[in-house]
Amino acid sequence: APADKPQAAKAGPLGLTVRELTAAERRELKVAGGVRVAEVAGPAAAAGVRAGDVIVGVGNQSVAGVREFERAVADGPKGRPVTLLIRRGDWAQWVLVRP
C-alpha cells in the first residue's frame, strides 16, 4: 500500500470501516484526533452514522486514530450498545450503536 494512503480498519460488529484523519482534515475540523468513517453498514448505519462522519470518542474514551478506535471498540462490553461521539460538519453528537 502507498505510504501516503491513510491507514484503514474494519470494526466488525458495528459495521464501520474507518480511516485515519489527514493533517488537513484535523486542522479543518479543529480536532486533535479521531477517525473518519469510510463505509458504514449494519448497526452503525441503523443508528444514523454516515460515511464522512468523524468519530472522536467511543464510550468515555477519546480516540486519536484507528488503533485507539479498534481498541476502544474491542474493550467495550461484548454485544452491548456502544456510544460514539460523532463530528459532522460543525456539530458533535453522541450516537448509540447496538451491535
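Is Arg 36 buried or exposed, judged by its relative accessibility? In this predicted model, Arg 36 has a relative accessibility of 17% and therefore counts as buried, since buried means under 20% relative accessible area.

## The network around Glu 25

Arg 36 forms a salt bridge with Glu 25, in which the closest N and O atoms are 3.1 Å apart. Because Arg 36 belongs to strand β3 whereas Glu 25 belongs to helix α1 (residues 23–29), this pair ties together parts that are 11 residues apart in sequence.

Glu 25 also forms a salt bridge with Arg 19, the closest N and O atoms of that pair being 2.8 Å apart, and Arg 19, Glu 25 and Arg 36 are thereby linked in a network of salt bridges. The acidic residue of this network, Glu 25, is itself buried, with a relative accessible area of 13%.

## The pair Asp 53 and Arg 88

The structure holds 3 salt bridges, and one of them joins the side chains of Asp 53 and Arg 88, with an N to O distance of 2.6 Å. Asp 53 is located in the loop between α2 (42–46) and β4, while Arg 88 is located in strand β6, so the pair ties together parts that are 35 residues apart in sequence. Both Asp 53 and Arg 88 are buried.

## The largest nonpolar core

In soluble globular proteins, nonpolar side chains tend to be buried together. Here the largest nonpolar core contains 19 residues, of which Leu 16, Val 49, Ile 55, Val 58, Phe 69 and Leu 84 touch the most other members. At least two residues of this core are supplied by each of β2 (16–20), β3 (35–40), β4 (54–58), α3 (66–75), β6 (82–88) and β7 (91–97), and the largest share, 4 residues, comes from α3.

Val 49 can be followed through its individual contacts: when residues up to four places away in sequence are not counted, Val 49 touches Leu 16, Val 37, Val 40, Ala 44, Leu 84, Ile 86, Arg 88, Val 95 and Val 97. Among these partners, Arg 88 is the residue whose side chain meets that of Asp 53 in a salt bridge, while Leu 16 and Leu 84 are, like Val 49, among the core residues that touch the most other members.

## A separate core

Apart from the largest core lies another core, of 5 residues, which includes Leu 29, Val 31, Val 54 and Val 56.

Methods: Residues numbered from 1 in each chain as written. Predicted model: local features only at pLDDT ≥ 70, side-chain atom pairs only at ≥ 80, totals over all residues. Heavy atoms only, no water. Core = buried A, V, L, I, M, F, W, Y, C linked by side-chain atoms within 4.5 Å. Buried < 20%, exposed > 50% of the residue type's maximum accessible area, 1.4 Å probe, protein only. Contact = heavy atoms within 4.5 Å. Salt bridge = Lys/Arg side-chain N within 4 Å of Asp/Glu carboxyl O.
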